[in-house]
Structures are given as C-alpha cells and as structure tokens.
Amino acid sequence: MTDRTLSTVRPEAGGAVVHVEDVYDTSVADLWSAISEPDRLARWLAVVSGDLRVGGTLRMRFTSSWEGTGEVLVCDAPHHLVVASREEDGSETVIEARISPEGEQARLVVEERGLPTDASDYAAGWQVHLEDLGAALAGRETSDWSARWRQLIPSYRREG
Amino acid sequence: MDGVLQAIGDASRRTVLDALRGGPRTVGELAERLPIARPGVSRHLRVLREAGLVEVEARAQFRVYSIRAEPLAELDRWLDDYRALWGTRLDALHTEIARGKRAPRSTS
C-alpha cells in the first residue's frame with residue numbers, strides 16, 4: 001500500500017468537510033454503477049437497502065461499522081449523487097459524490113459535510129473506502145477496514 | 001431492573017452479551033461469530049444499550065460495542081438475598097448428610 005493521502009479536511013461553519021478523490025481505471029458509466037448499485041456498493045462501501053429513489057429512505061451499513069439511515073437528495077446519473085445520512089443518536093451529515101471523465105479514466109470526488117471540527121480520523125476512513133473501491137474495481141479483495149484505518153490515522157493526524 | 005431482566009430474557013441477546021465478555025466488538029464481528037443475522041444483532045444491541053447493559057464507543061466512522069457491568073451488579077445485589085436462601089438449604093443438606101454418617105442405616 002502507498003502512503004499517499006487521498007483525503008483532506010477543511011473547516012466549515014460549526015464543523016468540517018472531508019474531501020477525498022481518486023482516479024480509477026474505468027469508464028464514468030462503470031464508476032457510476034459502482035457507487036449507485038446496491039450489489040456493487042456492498043463490495044466496497046456499504047450494504048444499502050430500502051427505497052433507492054430521490055426522497056426515499058435507505059438503511060445503510062458501512063464497512064467501517066457505521067450504521068444508520070440515509071435519504072437520496074440528488075441522483076443525477078452518471079455524475080452526481082447526494083445522500084443525507086443520519087445516525088440513531090440524531091447526528092446528520094451529507095455525503096456528495098461527483099464523477100467526471102479523466103482521459104480514458106474516471107475521477108471520483110467524495111465530500112462529507114457536517115462532521116465535527118476534528119475530522120482527521122474521518123479523512124483516514126474515507127481513504128480506506130476509496131482504496132477499497134479501487135480494489136473492488138480491479139477484482140481484488142478489499143481491506144480489513146478498521147486495520148487499514150488505524151494504519152492511516154497517524155499520517156492524517158500529522159497533517160492536521 | 002425491569003429493563004435489564006427484559007433485555008436478558010431473550011436467548012439471542014444473552015448470546016450477544018456473552019460474546020462481548022471477550023472484549024469490545026463491532027456489529028460485523030458479532031454477526032460473524034454468532035448464529036444471528038446482522039440486522040438481528042443490531043436490533044439486540046439496541047435493546048441491550050437501552051437497558052444500559054451495553055455501550056457504544058464512536059470514533060469517526062468506527063462503532064464498537066462493549067459490556068457495561070453496572071446493571072449486572074445491581075442484579076447481583078438483588079440475587080444476594082436469594083443466595084442466602086440457597087445457603088440455608090445447602091447448610092440443611094450438610095447437616096442431614098452428617099447425621100446420616102453418624103447413624104448409618106442398618107443393612108439387612
């Protein structure tokens with residue numbers, strides 16, 4: 001595994017935004033299917049069930065062990081997906097994904113807003129998710145999420 | 001204590017609680033170890049949490065569950081009075097056995 005960091009944290013009113021991006025060796029259409037179809041999402045990010053239309057309520061279980069509900073706010077295939085996520089304790093964030101062509105490849109940019117000010121551990125977590133996406137697209141096995149996350153945390157804390 | 005008894009009055013929830021004796025676990029790890037599907041594990045953990053038997057530690061996206069012993073200590077204190085009852089009965093058994101030894105029954 002490389003030691004490059006894929007995520008950054010920037011402050012916003014009352015909290016922080018995590019921004020993570022990478023370029024994948026696949027088409028925009030294929031990348032869109034990997035981030036929007038439950039069968040494929042389950043391989044690298046989350047088991048998602050429920051009403052997958054705009055306004056519908058989702059049940060989401062991330063590989064990170066986070067669980068909660070979601071609501072699709074924007075679904076503009078194959079470029080733009082926005083999901084609001086809510087945990088049982090009431091805390092809410094918004095996850096936004098954008099896909100754009102990058103030559104023969106495709107770039108994915110993910111931002112999660114509404115995070116606490118000290119979001120460096122979240123940034124490390126999103127890197128694991130994007131690495132797992134790369135593995136899933138290449139047909140490789142995904143990581144043990146928490147083991148890889150712990151491994152990445154120190155480099156993000158140094159940056160913060 | 002009603003909530004605690006209600007929570008442990010279910011075999012699956014006791015299984016979840018038993019599994020947490022070995023240390024903190026995520027929902028996924030519990031589901032891997034137990035013959036309970038993951039949504040079931042989540043549901044049982046919610047009941048156990050509401051009864052105060054389990055607590056969740058949140059660190060960024062990571063959620064890990066562990067046992068809270070306090071409600072069990074309360075249950076143990078309640079059982080104490082009943083333990084005394086058992087103690088008395090066992091003492092009586094010891095007395096009876098001792099008596100039997102001193103006066104062995106004659107065999108024909």
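Visitor: How many salt bridges does the rule find across the interface of chain A and chain B?

Guide: In this predicted model, five salt bridges are found across that interface.

Visitor: What makes the pair R49(B) and E88(A) a salt bridge?

Guide: The closest N and O atoms of R49(B) and E88(A) are 2.5 Å apart. The cut-off between a side-chain nitrogen of Lys or Arg and a carboxyl oxygen of Asp or Glu is 4 Å, so the pair qualifies.

Visitor: Which elements of chain A supply at least two residues each to the side that touches chain B?

Guide: They are β4 (57-62), α3 (120-137) and α4 (145-159) of chain A. Of the elements on this side, α4(A) gives the most, with six residues. The residues of this side of chain A comprise seven nonpolar, four polar and seven charged.

Visitor: How many residues does each chain bring to the contact, and what area is buried?

Guide: Chain A brings 18 residues and chain B brings 12 residues. Between them the two chains bury about 1,400 Å², with 43% of it on carbon and sulfur atoms. Across the interface, nine residue pairs are in polar contact, both residues being at pLDDT 80 or more.

Visitor: Why does the span of helix α5 of chain B agree with its number of residues?

Guide: Helix α5 (residues 70-102) of chain B has 33 residues, which at 1.5 Å a residue should span 48 Å; the end C-alpha atoms are 47 Å apart, and therefore the two values agree.

Visitor: Where does α5(B) bend, and by how much?

Guide: The bend lies at D80(B) and amounts to about 35 degrees.

Visitor: What makes the peptide bond from A77(A) to P78(A) cis?

Guide: Its omega is near -5 degrees. P78(A) lies in the loop between β5 (67-76) and β6 (80-86) of chain A.

Visitor: What is notable about phi of S65(A)?

Guide: Phi of S65(A) is near 95 degrees, a positive value in a residue other than glycine. S65(A) is placed in the loop between β4 and β5 of chain A.

Note on methods: Residues are numbered from 1 along each chain as its sequence is written. Chains are lettered from A and ligands numbered from 1 in the order in which they are written. This is a predicted model: local features need pLDDT of at least 70, side-chain atom pairs count only at pLDDT 80 or more; totals for chains, interfaces and linings use all residues. Side-chain values use heavy atoms; hydrogens and water are left out. Helices (H or I, at least four residues) and strands (E, at least two) are DSSP runs, numbered from the N terminus. The expected span of a helix is 1.5 Å times one less than its number of residues. The bend at a residue is the angle between axes fitted to the seven residues ending there and the seven starting there. Contact means heavy atoms within 4.5 Å. Buried area is the accessible area (1.4 Å probe) that two parts lose on being put together, summed over both. A polar contact is a pair of N or O atoms within 3.5 Å; within protein, one must be able to donate a hydrogen and the other to accept it, and residues adjacent in sequence count only if both atoms are side-chain atoms. Ala, Val, Leu, Ile, Met, Phe, Trp, Tyr, Cys and Pro count as nonpolar, Asp, Glu, Lys and Arg as charged, and the others, Gly among them, as polar.
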